[in-house]
Amino acid sequence: MRSQFFAIVVLNGVLGYFQESRAEKALAALKQLSSPNVRVMRDGRLQDVPAQDLVPGDITLLEAGVQVAADGRLLESVNLQIRESALTGEAHAVTKRAQEVLAADATLGDRTNLVFQGTEVVQGRGTVLITRTGMATELGRIAAMIQGVESEPTPLQQRMDQLGNTLVSGSLILVAIVVIGGVVQAGWGAFESLLEVSLSMAVAVVPEGLPAVITVTLAIGTQRMVRRHALIRRLPAVETLGSVTTICSDKTGTLTQNKMVVQTLQTLNHTCVTTGHGYTPEGDFLEREQTLNPLEQPDLALLLLDCMLCNDAILQKEHGEWSILGDPTEGALIVLASKAALSHGHLNRQLPRVAEFPFSSERKRMSVVVQAAASSREVAITWGDAPYCLFAKGSPELLLGRCSQVQIADSVQPLSKAQYGQILDSNAKMASCGMRVLGFAYRPLQTCPADDTADTAEQALIWLGLVGMIDAPRPEVADAVQRCLQAGIRPMMITGDHQLTAKALAEDLGFISDNGQVLSGTELEKLSQPDLEGAVANVSVYARVSPEHKLRIVQALQKQHQVVAMTGDGVNDAPALKQSDIGIAMGMAGTDVSKEASDMVLLDDNFATIVAATEEGRVVYNNIRRFVKYILGSNIGEVLTIAASPMLLPILDVPLTPLQILWMNLVTDGFPALALAVEPSDSTVMQRPPHDPKESIFARGLGAYMIRIGLVFTVIAVSLMYWSYNHALTHPGDPARWKTMVFTTLCLAQMGHAIAVRSDIQFTAQLSLFSNPFVLGAVILTTVLQLMLVYVEPLRDFFGTQLLSPTELAVCFGFSTLLFVWVEFEKLIRRLVKRC
Ligand code: ATP
């Protein structure tokens, strides 16, 4: 008996270790994948390198949304604000200045010319010389790593833990009742047998293998999602994905390819189209099909100068291919200006940038102030005699609102109402063709404005014109939208872009029909939260919104009991990502801050990947339900069989020892359950509505199925027990071998159950055995192991089994197929009911 209990402990430990380490390995691999990249100047050019490859001496660039990857000294800073709460606990962002000189005893929070690992850039830009990396940094010193995959238990795991605890307490009560009740009835003489019966029942009740199988399934789910480009950062997301009812997606880059190409530019007296391909800076400017040199037209020339100067992107040629480093919108503008033979490097030297007011999704504009150097007249384009000039670009309506004059050819005139209307009309016309439209304006200045005077500096501007660029939709998105709709998931578009641009794309991709409504940020602002809750039920496209609107939309949807997945890329999207049920960050274009706040990162920034991840989430949930009913059905069968045996047989004896039950729960149930965990998606998984996240795991008939299967299991086992008990009495051999027959039949019946339970509707004959070869492998392996317990002598002695004759084994096989037949019969009934 002692060696048997020792075996139980070892078996449990080995299996638990195997399953846990597999889950841990999967999570560690994910952690590795989620490590961010850093923009570094090496070999004279900017490159993106993994954060862990940074070394002291590297020069890195910081911009809004970046998480600082190492400690360093600022070489340059522009409006730089950094949140250092990870280090100092101070929630407010600190202003950093490269030129600051510090006192020798400045505390960590006062070292304003230094940046520290783990802190977040909230605003502005900077250049940093890295001084310390890894464990040598301030963060390393306090050893508080904050990033990576968190392996917190999922709601389902918590519920299953609770179930486990209930079952353990229940089984202890069962032991007490059986022992005390039995002793009262039969006296102390029966104590030992009663204890064995009750212990067997207690072991049978508890599904020992279940928690580990659930953990492994969730971990395997995350790996399958990574293969489909969705990186899970928090394990509960796997489960929640299966119940998502609404996906709120950004437009640029998620629904579109984010490869912008300028098509049209328009001033008040010129309308040009451009030719050329992708990012190659070669092409013509055509006006009424005639080639034109834009630099000879003062308004077009200033517009192109604005495109080039008010820009942080870099156009580069690598391996013969032109590419963009930075924001694709700005990249397209550099390509446009380069087509007119303007040179970025040359202009930056001639007209150095002396101040800037960076872009943010709230401001929807950006401006820079350049200084006319002495030699700047080499740049033929002029803005008059002022020593400084502010160049701005941004959302046309908003920028136009800050203009008081307009450039027409080489003269500056007051902006009339009619011109104002004409510009807005042109903007609407371009946007309704699906173009992303940016407005451009400038203002000569006598003095350089201070860092924090954006609002006053960006006033009284001179309007230059509009630039319209196309950003083709990703080809797979229209299909993904249809899959969402079929799966009962509502796709929504929430964009910072113009209403008409959003509407054109939304109609194209199937988000809305022709007369679908689009709500703008300004309209949304006027709605109270209860009104917005009403509006979100009908409106699926939101345009010109700011990050805080996103937060309100999520809250309104959640109030409507929707399970919301929301994408975001900017630093200010973090609250909306945190609030949503699944926060989704962009792996390529997203800021570190948004990734940190997310549950899932899209490695390819693609909407179709969200839908794929949702499908995987559903598959994981279905598989968990599948093996829960497989495992618990068997447990119920075991308990009832043990309970029935003393009532049916003329002796007080149980067919199964605790070791045999544990063998069943861990090995003969465990391997097939693991194989069921990798069951692939079936064709119907995205044709059903999402499940309610609050539903019990036993909902939708699963509880009833388990009880039914448990009863059928018991009937089969008890009939066999009755037959084998009488058979063993009248035939030569060990009279106790009826127990081995019951044990063998219960194990083999579960093999048939594993094969049949793969589908609720499809007959086994209709399923390809090789669509999940692991089930077949697990069934063969487990059957062989089970037979070894009966036919290999040392194992037989250890597990307390007896040798069975071929006839007896055949009877076991015969009885065990009955469970398979029953499950297939249930499918037939289900199909007939469905057809009626
Ligand atoms: P989505 O939210 O779907 O990604 P989006 O990229 O248009 O859409 P934002 O990045 O918030 O959203 O941009 C909002 C608006 O700000 C744009 O429509 C455009 O008019 C303007 N804009 C975008 N990028 C820049 C930029 N680099 N400089 C100046 N203005 C910009």
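Reader: Which residue takes a positive phi just after α15?

Author: This is a predicted model, in which local features need pLDDT of at least 70, side-chain atom pairs count only at pLDDT 80 or more, and totals for chains, interfaces and linings use all residues. Residues are numbered from 1 along each chain as its sequence is written, and side-chain values use heavy atoms, with hydrogens and water left out. Helices (DSSP H or I runs of at least four residues) and strands (E runs of at least two) are numbered from the N terminus. Just after α15, the residue with a positive phi, about 90°, is glycine 510.

Reader: Which residues of helix α15 are buried?

Author: Buried means under 20% relative accessible area, with a 1.4 Å probe and protein chains only. Helix α15 spans residues 499-509. Its buried residues are Thr501, Ala502, Ala504, Leu505, Ala506 and Leu509.

Reader: Which polar side-chain atom distance links glutamate 330 to the ligand?

Author: A polar contact is a pair of N or O atoms within 3.5 Å. The partner on the ligand is a nitrogen atom. From a polar side-chain atom of glutamate 330, the distance is 3.0 Å.

Reader: What share of the ligand's accessible area does the protein cover?

Author: Accessible areas come from the Shrake-Rupley method with a 1.4 Å probe. On its own the ligand has 600 Å². The protein covers 93%.

Reader: Which strand gives the largest share of the shell around the ligand?

Author: β18 (388-394) and β21 (436-445) each supply at least two residues of the shell. The largest share is three residues, and they come from β21.

Technical notes:
A polar contact is a pair of N or O atoms within 3.5 Å; within protein, one must be able to donate a hydrogen and the other to accept it, and residues adjacent in sequence count only if both atoms are side-chain atoms. Buried means under 20% relative accessible area, exposed over 50%, partly exposed in between (1.4 Å probe, protein chains only).
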